[in-house]
Amino acid sequence: LIDINKAFLGIVVYSIAAGYLILRMIRALKDIKTSSILKYLKILLSIICIALVYGIVGSGLMDLSSAFQQLSAGNTGAEQNLGLSYAFLVLQYLVSVLPLALEIIILYAGLELIDAFKRDPYGQDVVTSSQKITRICRWTVAAIMLSQISVNILQLILGSSVHSTHYTLSIPLLSIVFVLITMLLAGYFEQARQLKKDSEMFI
């Protein structure tokens with residue numbers, strides 16, 4: 001109980017510190033310029049990319065290794081028949097980290113959009129970058145759903161030949177939201193660019 005109380009106390013302290021820092025950051029962002037917001041946004045996206053890489057290479061591989069050990073321990077004496085099961089564990093790992101890898105690609109495209117916006121908010125590069133993010137988000141949704149469907153169907157067909165079945169249904173709501181947002185942004189940037197061109201022609 002003493003150890004549990006220490007853990008709970010640590011969580012409370014960390015939550016207070018994190019909440020204080022985030023609230024201070026939100027308050028500080030209220031009066032800063034757009035250029036500063038873009039700078040902080042780039043830093044935040046870079047941090048998220050690092051966290052996603054850790055999720056793929058660090059915790060993801062640790063979970064895969066643990067799954068290998070559990071499969072081997074649960075089938076002692078039949079290791080020679082586990083090749084297909086090990087292969088499916090790898091497939092399940094790839095399906096689980098695929099959204100993380102695609103999110104890294106989306107965030108990298110977002111960094112390109114920020115750079116283009118800083119160079120010229122009404123330039124063609126901004127429109128091109130926003131349209132590129134929209135395409136990537138669409139591909140992300142399709143890739144996530146098709147990968148899940150493919151592995152689930154393979155497991156169902158092979159049945160008891162696979163000793164590590166794990167059926168997955170994960171709807172990429174975040175990617176779908178990104179598709180809608182980037183579609184709106186692409187339309188807004190294109191309209192703003194056209195209005196600027198019309199204004200310059202009128203002048």
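## Contacts and the model

Two residues are in contact when heavy atoms of theirs lie within 4.5 Å. By that rule A116, leaving aside its neighbours within four places in sequence, is in contact with D125, V126 and S129. The structure discussed here is a predicted model.

## Overall build

The protein has 5 helices and 0 strands. Read along the sequence, this gives the pattern α-α-α-α-α.

Of the contacts in the protein with a separation of 6 or more, 73% are between residues 24 or more positions apart. The protein has 203 residues, and 27% of them are buried. About 13,800 Å² is exposed by the protein, and 70% of that area is supplied by carbon and sulfur atoms.

## The nonpolar cores

In soluble globular proteins, nonpolar side chains tend to be buried together. In this model the largest nonpolar core has 12 residues. They are I106, A109, L113, A116, V126, V127, I133, I136, C137, V141, V179 and F189. Helix 3, helix 4 and helix 5 are the elements that give two or more residues to this core. Helix 4 supplies the largest share, 6 residues.

There is also a second, separate core of 7 residues, and L45, L107, L111 and I114 are among them. A116, by contrast, is listed in the largest core. One of its contacts, V126, is listed in that core as well.

## The largest pocket

How much space lies in the largest pocket? The value is about 480 Å³. The pocket is lined by 20 residues, and the closest to its centre are L41, L45, G110, L113 and I133. Helix 2 (34–74), helix 3 (83–119), helix 4 (124–158) and helix 5 (173–202) are the elements that give two or more residues to the lining.

Helix 3 gives the most to this lining, with 7 residues. Sorted by class, the lining has 16 nonpolar, 3 polar and 1 charged residues. Some residues named for the pocket also appear in the cores: L113 and I133 are in the largest core, and L45 is in the second one.

## Three leucines

Is L111 buried or exposed? The cut-off for a buried residue is under 20% relative accessible area. L111 has 15% relative accessibility, so this leucine counts as buried. L111 is placed in helix 3. Not counting residues up to four places away in sequence, L111 touches K42, L45 and S46. L45 is also named with L111 in the second core. The C-alpha atoms of L111 and S129 are separated by 9.5 Å, and these two residues are 18 residues apart along the chain.

L146 and L185 fall into other classes of accessibility. L146, in helix 4, has a relative accessible area of 53% and is therefore exposed, the cut-off for that class being over 50%. Between L146 and V95 the C-alpha distance is 9.7 Å, with their positions 51 residues apart in sequence counted as their separation. L185 belongs to helix 5. This leucine counts as partly exposed because its relative accessibility is 32%, and partly exposed is the class in between the two cut-offs. L185 and S130 are 55 residues apart along the chain, and their C-alpha atoms are separated by 6.8 Å.

Notes
Residues numbered from 1 in each chain as written. Predicted model: local features only at pLDDT ≥ 70, side-chain atom pairs only at ≥ 80, totals over all residues. Heavy atoms only, no water. 1 Å grid on protein atoms, 1.4 Å probe; cavity = no way out; pocket = protein on both sides within 12 Å on 5 of 7 lines; lining within 4 Å. Points joined across faces, edges and corners; volume = space filled by probe spheres on them. Helix = DSSP H or I, 4+ residues; strand = E, 2+ residues; numbered from the N terminus. Nonpolar A, V, L, I, M, F, W, Y, C, P; charged D, E, K, R; others polar. Buried < 20%, exposed > 50% of the residue type's maximum accessible area, 1.4 Å probe, protein only. Areas by Shrake-Rupley, 256 points an atom, 1.4 Å probe, with all protein chains shown as cover. Core = buried A, V, L, I, M, F, W, Y, C linked by side-chain atoms within 4.5 Å.
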